[in-house]
2 protein chains.
Amino acid sequence: MEKKKEFEQGITSQKEDFSQWYIDTVLKTAMADYSCVRGCMNIRPYGYAVWENIQAEFDRRFKETGHENAYFPLFVPESLLMKEAEHVEGFAPEVPWVTHVGGEALTERLAIRPTSETVICAAYKEWIQSYRDLPVLINQWANIVRWEKRTRLFLRTSEFLWQEGHTCHRTAEEAMEETMRMLEVYRECCETELAMPVVKGRKSESEKFAGAVETYSIEGLLADGNAIQNGTSHFLGQNFSKAFDIKFLDEDNTEKHVWQTSWGVSTRLVGALIMRHGDDSGLILPPRIAPIQAVIVPVYKEASKTAVLEEAHKIHAELRGAGIRVKCDDRETVRPGFKYNEWEMKGVPLRIEIGPRDIEKGHAVIARRLDREKTFVQRAELAKALPAMLERFQADLFERARADMEENTRETSTLDELAEIISTQRGFVWAGWDGSPETEAEVKEKTKATIRNIPLEGGEPTQGLKDLVSGKPAKHRALFARAY
Amino acid sequence: MEKKKEFEQGITSQKEDFSQWYIDTVLKTAMADYSCVRGCMNIRPYGYAVWENIQAEFDRRFKETGHENAYFPLFVPESLLMKEAEHVEGFAPEVPWVTHVGGEALTERLAIRPTSETVICAAYKEWIQSYRDLPVLINQWANIVRWEKRTRLFLRTSEFLWQEGHTCHRTAEEAMEETMRMLEVYRECCETELAMPVVKGRKSESEKFAGAVETYSIEGLLADGNAIQNGTSHFLGQNFSKAFDIKFLDEDNTEKHVWQTSWGVSTRLVGALIMRHGDDSGLILPPRIAPIQAVIVPVYKEASKTAVLEEAHKIHAELRGAGIRVKCDDRETVRPGFKYNEWEMKGVPLRIEIGPRDIEKGHAVIARRLDREKTFVQRAELAKALPAMLERFQADLFERARADMEENTRETSTLDELAEIISTQRGFVWAGWDGSPETEAEVKEKTKATIRNIPLEGGEPTQGLKDLVSGKPAKHRALFARAY
C-alpha cells in the first residue's frame with residue numbers, strides 16, 4: 001500500500017482538479033511532455049505507440065473504403081493560401097511564416113500548413129482532366145501547425161499529427177455520400193477500437209470548417225462532463241474547386257468543377273482516450289489500442305525464483321504466440337507491488353500474477369485494470385482465455401462510457417436550466433434552437449456551452465419545440481455542451 | 001506494338017539521356033511530380049505506396065532490435081540549433097526560418113528541422129538521470145527540410161520524409177556497437193527487400209555528418225554507373241551530450257555524459273530503387289516492395305467475355321487469399337495490349353494473362369517484367385506457384401544488380417586512369433589513399449569523383465599500396481565514384 005501511495009501521490013485526484021489530474025497522468029505515464037518549443041509537445045514512446053495503434057485502425061478502414069495515401073508539401077505559398085477567402089480568414093491568424101532561408105529573404109513568404117486543402121487543390125488541378133479521373137480518393141498522414149495561445153498536451157498543441165482525407169467527385173451527391181461515409185468510418189472506429197461512444201451530427205454555421213459548405217462531426221463526452229470533437233468530415237461543395245479551378249470534362253462533353261470533401265482526426269484522440277477512460281490511478285487503455293495488453297508479473301522468493309521466472313517466460317512466449325501484445329516484467333530492481341501500481345497507472349488492461357503457489361495449483365491470477373476484479377485461470381487455458389478476456393474488457397469499457405454518456409445527457413427548454421446543468425453536472429444537453437446565431441452567442445456568453453452539433457438522429461425538432469432563448473419555433477433539436 | 005510505342009514515346013531511353021529517362025519515368029508512372037512549392041514534390045499514391053512498404057520493412061527491423069518510435073517538434077529554436085558548433089555550420093545555410101506567426105514577430109526565430117539531434121537532445125537531457133535509464137533507443141519518422149539549390153525528384157528535394165534513430169548509451173563501446181548494428185540493419189534491409197546491393201564503409205572526414213565523430217554509410221551503384229548513398233549511421237561520441245549537457249549518474253556514483261548515435265534513411269531510397277532496377281520501358285519493382293506484385297489481365301472477345309471475367313475474378317480472389325498483392329485490371333475502356341504496357345511501365349513484377357483458350361487448357365500465362373519470360377502455370381497450381389515465382393524474381397533482380405555492381409567495380413593506381421574510368425564507364429573504383437584531404441580535393445576537381453567510403457571489407461591497404469595522387473604510402477584502400 002505504501003508503494004501505491006507513492007504512485008498516486010504523483011497524480012492529483014479527478015475530483016480535486018481534473019485538469020491537473022490529466023497533466024499528471026500524461027507526464028507520469030510518459031505519454032508525452034512539454035518540449036523546448038513553446039506549445040509543442042514531445043510524444044514519448046508510450047504515447048506514440050498508442051497513436052500508432054490508432055493510426056493503423058483508421059488507415060485500414062481508409063484503404064478498405066478505396067482510399068490511397070500520398071504526401072504533399074509542408075509549405076503553402078502565401079498566394080495559394082489566399083485563394084479561398086473564408087479559408088484564409090479562418091487560418092491566417094495562427095499561421096507561422098517562413099520568410100528566410102539561411103541568410104536570404106524569400107521572394108514569397110511560405111506558410112506552414114494549417115491544413116492542406118490549398119496545396120492539394122493545386123495538385124488536383126493538374127491531375128484531373130476527365131470524368132475518368134474521378135473520384136480521387138486520397139489521404140495524407142502529416143504534421144500540422146496552428147499556433148495556439150493556450151495549449152494542452154494532445155488536446156491542443158501548436159504542432160500536432162493527423163490524417164486529412166481529400167477527395168474529388170463528379171457530383172454533389174457523390175461528394176455528400178463520401179462525407180457521410182467517412183463520418184460513419186470515424187464513428188465506427190472510435191466506438192469499436194477506442195471504446196468511445198460518439199454522437200454524429202452537423203455543425204452550426206459558426207462552428208464549421210473555414211471554406212466548407214457543411215461540417216459534420218463526431219462528438220464525445222469525457223469523464224469530467226466536458227464534450228470533445230473527435231473528428232470532422234467536411235462537404236466542401238465547389239468552394240475550393242472554383243477558387244483553384246479544378247475542372248473536368250464530363251461524359252456530356254461539358255467542363256465542370258469537381259465536388260470535394262475533406263475529413264480528419266488527429267493526435268487529439270489520444271487526449272480524448274485518456275480523459276474518457278482514465279481514473280485516479282492513471283490510464284485505462286482499451287485493449288485494441290493498448291501497446292501492452294497484458295503484463296506478466298512474477299512473484300517469488302529466492303527459493304522459488306528460478307521456477308517462477310521460467311514459468312513467467314513460458315507464459316510470455318505462449319501469449320505472444322497467440323498474438324497478444326504481452327510484456328513480462330522480470331525486473332529485479334523493484335518489487336511486485338511497485339510493478340502492479342506502475343502498470344495500473346499505465347493502463348495495461350490485464351495483469352497476470354504468477355507465483356510458486358499458482359504454479360503448484362496449475363493456474364494464474366488475472367487482475368483487470370477496469371474494476372480490479374481477479375480471476376483464476378487454468379494454466380493450460382491461458383492462451384485461449386486471454387483473447388476473450390480482452391474482448392470482454394473492451395466491451396465493458398465501451399459500455400461504461402456509453403452508460404456515463406447516457407446518464408449525462410439531459411434535456412431542457414430554458415437557458416437558466418441549461419446554465420445550471422452546465423455549471424454543475426455538465427454533460428450533453430438537448431434543447432430547441434431556432435437556427436439563429438444570436439441564440440448561439442447568448443448561450444455561449446451565459447453558460448460557456450456551445451452547440452456541439454445537430455445530431456443526425458434526434459436533431460429534428462419535436463412537435464411544438466421552442467428555441468431556448470428566443471422562444472421562437474425551433475428549427476433544430478441541438479446538442480449543447482462545454483467543450484475542450 | 002503501336003500502343004507500346006505510345007508508352008515508350010513518353011520515356012526517353014536510358015542511353016540517350018539517363019536523367020531525362022528518370023524524370024520521364026517518375027512522372028509517367030505517377031510516382032511523384034513537382035509541387036507548387038519550389039524544390040518540394042508531391043509524392044503520389046503509387047510512389048507513396050512504395051515508400052509505405054519500405055517504411056514497414058525498416059520499422060519492423062527497428063522494433064526487432066529494441067527501438068521504439070516517438071515524435072519531436074518540427075521547430076528548432078535558434079539558440080538550440082547553435083549549441084553544437086560543427087552541426088550548425090553544416091546545416092545553417094539550408095535552414096528555413098520562421099520569423100512571424102499570423103501578424104506578430106516571434107521573439108526567437110524558429111528553424112524548420114534539418115535533422116533532429118538538437119530538439120531530441122533537449123528532451124534527453126530531461127529524461128535521462130541514471131544509468132538505469134540507458135540505453136535510450138528511439139526512432140522518429142518525420143518530414144525534414146534542407147533547402148536545396150538543385151533538386152531532383154526523390155533524390156534531393158527541399159522537403160523529404162525519413163526516419164532518424166537517436167540513441168544514448170553508457171559507454172563508447174555500446175554506442176559504437178549500436179552504430180554498426182544499425183548500419184548492418186540498413187545493409188540487410190536494402191539487399192533483402194529492395195534488392196539493392198550496397199557497400200558498408202566509413203566516410204572520410206570531409207563527408208561525415210556535421211557533429212559526428214564518425215559516419216558510416218551504405219553505398220549503392222545505379223544503372224548509369226553513378227553511386228548513391230542509401231543510408232548513414234553516425235557515432236556521435238559525446239559531441240552532443242556535452243553541448244546539451246546530457247548526463248547520467250553511473251553505477252560507480254559519478255556523473256558522466258552519455259555516448260550517442262544517430263542513423264537515417266529517407267525517401268531518397270525510392271529514387272535509388274527506380275534508378276537501380278528500371279529500364280527503357282519504365283520501372284521494375286522488387287516484389288517485396290511492389291504495391292502490386294501481380295496484375296491479372298483478362299483477354300476476351302464478346303463471346304468469351306463473361307467466362308473470362310469470371311475466371312479472372314476467381315483467380316484474383318484466390319491470389320489475395322494467398323496473401324499476394326494482386327490487382328485485376330478489368331477495365332473495358334482500354335485493350336489488353338495497352339494494359340500490358342501500362343503495367344510494365346509501372347514495374348509490376350508478374351502479369352497473369354487469362355483468355356478463353358487458357359481456360360480451356362486449364363492454365364494461365366505468366367509474364368515476368370524482369371526479362372519478359374513467359375511461363376504456363378497450371379490453373380490449379382497458381383496460388384501455390386506465384387509466391388515462389390515472386391521470390392525467384394526478387395532473387396534474380398538482386399543477382400542482376402549484384403553482377404552489374406561487380407562488373408562495374410574496378411581498381412586503379414593512377415589519377416589519369418581514374419579520370420578515364422569515371423568519364424566513360426563510371427562505377428566504383430578502388431584506389432589507394434594516404435588519408436589526406438588534398439588527395440580527396442584533387443581527385444574531385446580532376447574527375448568529379450569522391451570517396452564514397454572506406455569499405456569495412458577491403459578498405460585496409462594492401463602491401464605496398466600507394467596514394468593515387470601523392471604517391472605516398474596508402475593508409476586506406478578507398479572506394480571512389482561519382483555520386484548523386
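Helix α7 of chain B, residues 172–193, is a good place to start: its 22 residues reach 31 Å from the first C-alpha to the last, close to the 32 Å expected at 1.5 Å a residue. Please keep in mind that this is a predicted model. From that helix we move to strand β21 of chain B, then to helix α3 of chain A, and finally to the contact between the two chains.

**Helix α7 of chain B**

- The buried residues of α7(B) are Ala175(B), Glu178(B), Thr179(B), Met182(B), Leu183(B), Val185(B), Tyr186(B), Arg187(B), Cys189(B), Cys190(B) and Glu193(B).
- Their cover includes α3 (45–64) of chain B, along with the strands β8 (159–169), β9 (199–202), β10 (214–221), β11 (227–237) and β14 (259–266) of that chain.
- Just after α7(B), Ala195(B) has a positive phi of about 60°.

**Strand β21 of chain B and its neighbours**

- β21(B), residues 428–433, is mostly covered, with six of its six residues buried.
- Both faces take part: Phe428(B), Trp430(B) and Gly432(B) are buried on one side, and Val429(B), Ala431(B) and Trp433(B) on the other.
- One partner is strand β20 (residues 409–411) of chain B, which runs parallel to β21(B) and is joined to it by three bridges. Here Thr409(B) stands opposite Phe428(B).
- Together with helix α14 (residues 415–423) of chain B, β20(B) and β21(B) make a right-handed β-α-β unit.
- Strand β23 (residues 476–481) of chain B also pairs with β21(B), in the antiparallel sense and over five bridges. In this pairing, Phe480(B) is opposite Val429(B).

**Helix α3 of chain A**

- The end C-alpha atoms of α3(A), residues 45–64, are 28 Å apart, which agrees with the 28 Å that its 20 residues should span at 1.5 Å a residue.
- Buried positions in α3(A) are Pro45(A), Gly47(A), Tyr48(A), Ala49(A), Val50(A), Trp51(A), Ile54(A), Phe58(A) and Phe62(A).
- Gly66(A), just after α3(A), takes a positive phi of about 90°.

**Where chains A and B meet**

- In the contact between the chains, 43 residues of chain A touch 42 residues of chain B.
- Strand β5 (residues 96–101) of chain A gives the largest share of chain A's side, six residues.
- By class, that side of chain A has 31 nonpolar, seven polar and five charged residues.
- β5(A) also pairs across the interface: five bridges join it to β5 (residues 96–101) of chain B, and the two strands run antiparallel. Within this pairing, Trp97(A) has His100(B) as its bridge partner.

Definitions and conventions:
Residues numbered from 1 in each chain as written. Chains lettered and ligands numbered in written order. Predicted model: local features only at pLDDT ≥ 70, side-chain atom pairs only at ≥ 80, totals over all residues. Helix = DSSP H or I, 4+ residues; strand = E, 2+ residues; numbered from the N terminus. Expected span 1.5 Å × (residues − 1). Buried ≥ 20, exposed ≤ 12 C-beta atoms within 10 Å, placed from the backbone. Contact = placed C-beta atoms within 7 Å. Nonpolar A, V, L, I, M, F, W, Y, C, P; charged D, E, K, R; others polar. Pairing = 2+ DSSP bridges. Right-handed = clockwise from strand over helix to strand, strands pointing away.
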